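Please read the points below with the sequence and the model open side by side, and look up each residue as it comes up.

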Amino acid sequence: MIIVGAGAAGLATAIFTGRSSRARVLLVDGAARPGAKIVVSGGSRCNVTNAVVTEHDYWGGRRTIIRRVLARLPVAQTIRFFEEIGVPLKEEPGGKLFPQSDRSRDVLDGLLAAVRDADVTLSAATRVLEVTREPDGFCVHTSRGPLRATAVVMATGGLSLPRSGSDGAGLAIAARLGHTIVPTTPALAPLLLRGGFNASVSGVSQDVDLALRVDDRIVDRIAGAMLWTHFGISGPAALDLSRHVLRARLAGRRVLVTANFQPGQTFEQVDASWARFATSRPKLTLEKALGDVLPASVAAALLLHLALDGGMRLAELTRAARRALAHALTELPIDITDSRGYNYAEATAGGVALDEIDPATMESRRCPGLYLVGEMLDVDGRLGGFNFQWAWSSAKTAAEGLTQRFGPRSRG
């Protein structure tokens, strides 16, 4: 059997299958040094998984299918697996699990060593050009010539970080083999803004509550840290929001994003607090008062945006100006024009339709003998290690399916 793609899902599928199945496993990858996406992930630290993972951390295909696949390799087993291959993990805020060494290279090295230990043959610098059906299996057409196999696992990823090899070619192959491809967009991608508010606050991070309105109805709220940048916004809250904005726009919907700079508080609460503040501290300047609740540069940018004089004393603040300020603090429109695209996206939304896969084995319902794992499926998780956990769990599920097909490996 042949596994196409030696990223996270492909490497894990090779390890689990090599360990459990008597199939001869060949893992092919177009890169001379596979696993580039693992190395650059998580700021080169690799957020391997999360302490708590459920189907509600994902979007895309049906969550009942996602739940079944995640159950085949729960987080506790994932942690044990990485300990077995010499990569113990540590937990950080938000449940994020990283290698204790803080080196993503150690994650890749551990996986590659486990591939060798599982008697898997890795053929790097072998680009797959096409996969075609034959009467007795498949022909995998590569840059080094044709290869034949009775089963093929597609683990080529989506389109995010194309420099790492995820260029969408695998999705095109899957489509030619009969699969429906749910239109793709970047996910976990920084967002571009119009208007210039961000220019003067670039580099500043603050906690926000981002609200997404689609066709005038709030459909999502995401709280967390947001980073202002020279091009727009990034940071966990913006990255998690990106897929929802881009999916809504792909569907031709009207989209509006607003930011609440005082998370957990409503307009009425903020307006009332400023009214009380003006009574209790009438001589305090607006600039000083606002600087107590916002980073100084954001406070200055907000005053400029509202055309308010920062030197004004709170006693001089009119009711209309106070309400305008409260609105800006709780519902500032964020004029998103686009994302930075796949070159900067950490994941891909869309891909092979999930209901065309048997969740017990990851085998195609459209093309028997073909298995699909990881990011090339229509599943994308939020920030925090969830996309890697999907890679490990879908790989384990596919390995169990392949072991059923080829029989268990002899322990003698």
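The numbered points that follow take up a pocket, some salt bridges, one helix and a few strands.

1. Before anything else, please keep in mind that this is a predicted model, and that the values quoted below were computed from it.

2. The second largest pocket holds about 240 Å³ of space. Of the 15 residues that line this pocket, R194, G195, G196, F197 and H305 are the closest to its centre. Helix α10 (296–306) and strand β18 (332–334) each contribute at least two residues to the lining. Sorted by class, the lining of the second largest pocket is made up of eight nonpolar, five polar and two charged residues.

3. The count of salt bridges comes to 25. One of them joins the side chains of K90 and D102, with N and O at 2.9 Å. Because K90 belongs to strand β5 (residues 89–92) while D102 sits in the loop between β6 (96–99) and α5 (104–117), the pair ties together parts that are twelve residues apart in sequence. As for their surroundings, K90 counts as partly exposed at 24% relative accessibility, and D102 is likewise partly exposed, with a relative accessible area of 30%. The pair also belongs to a network of salt bridges that links R45, K90, E92 and D102.

4. Which residue forms a salt bridge with D215? The partner is R253, and the closest N and O atoms are 2.6 Å apart. This pair links distant parts of the chain, since R253 is found in the loop between α7 (235–250) and β17 (255–260), whereas D215 is found in the loop between β14 (205–214) and β15 (217–228), 38 residues apart. Both residues are partly exposed, R253 at 40% relative accessibility and D215 at 31%.

5. A salt bridge within a helix is formed by K396 and E400, whose closest N and O atoms are 3.0 Å apart. The two residues lie four places apart in helix α12 (residues 386–406), so they are separated by about one helical turn. It helps to recall that an α-helix has 3.6 residues a turn, so residues three or four places apart point the same way. E400 has a relative accessible area of 23%, which means that it counts as partly exposed.

6. Helix α12 can also be checked for its length: at 1.5 Å a residue, its 21 residues should span 30 Å, and because its end C-alpha atoms are 30 Å apart, the two values agree. The helix is mostly covered, as 17 of its 21 residues are buried. Just after α12 comes G407, which has a positive phi, near 95°.

7. Is strand β20 (residues 347–352) largely enclosed or open to the outside? Six of its six residues are buried, so the strand is largely enclosed by the rest of the structure. Strand β12 (residues 181–187) pairs with β20 in the antiparallel sense over five bridges, and within this pairing T185 has A349 of β20 as its bridge partner.

8. Finally, please trace an open sheet of three strands, which has the order β3-β6-β5 and antiparallel pairing. Its edge strands are β3 (49–50) and β5, each of which pairs on one side only. Strands β5 and β6 run antiparallel and are joined by four bridges, with L89 standing opposite P99 in β6. Strand β5 is also where K90 of the salt bridge with D102 is found.

Methods: Residues are numbered from 1 along each chain as its sequence is written. This is a predicted model: local features need pLDDT of at least 70, side-chain atom pairs count only at pLDDT 80 or more; totals for chains, interfaces and linings use all residues. Side-chain values use heavy atoms; hydrogens and water are left out. On a 1 Å grid over the protein atoms alone, a cavity is a set of points where a 1.4 Å probe fits but cannot get out, and a pocket is an open set with protein on both sides within 12 Å along at least five of seven lines; lining residues have an atom within 4 Å of a point. Grid points are joined across faces, edges and corners, and a volume is the space filled by probe spheres set on the points. Ala, Val, Leu, Ile, Met, Phe, Trp, Tyr, Cys and Pro count as nonpolar, Asp, Glu, Lys and Arg as charged, and the others, Gly among them, as polar. A salt bridge is a side-chain nitrogen of Lys or Arg within 4 Å of a carboxyl oxygen of Asp or Glu. Buried means under 20% relative accessible area, exposed over 50%, partly exposed in between (1.4 Å probe, protein chains only). The expected span of a helix is 1.5 Å times one less than its number of residues. Two strands pair if DSSP finds at least two bridges between them.
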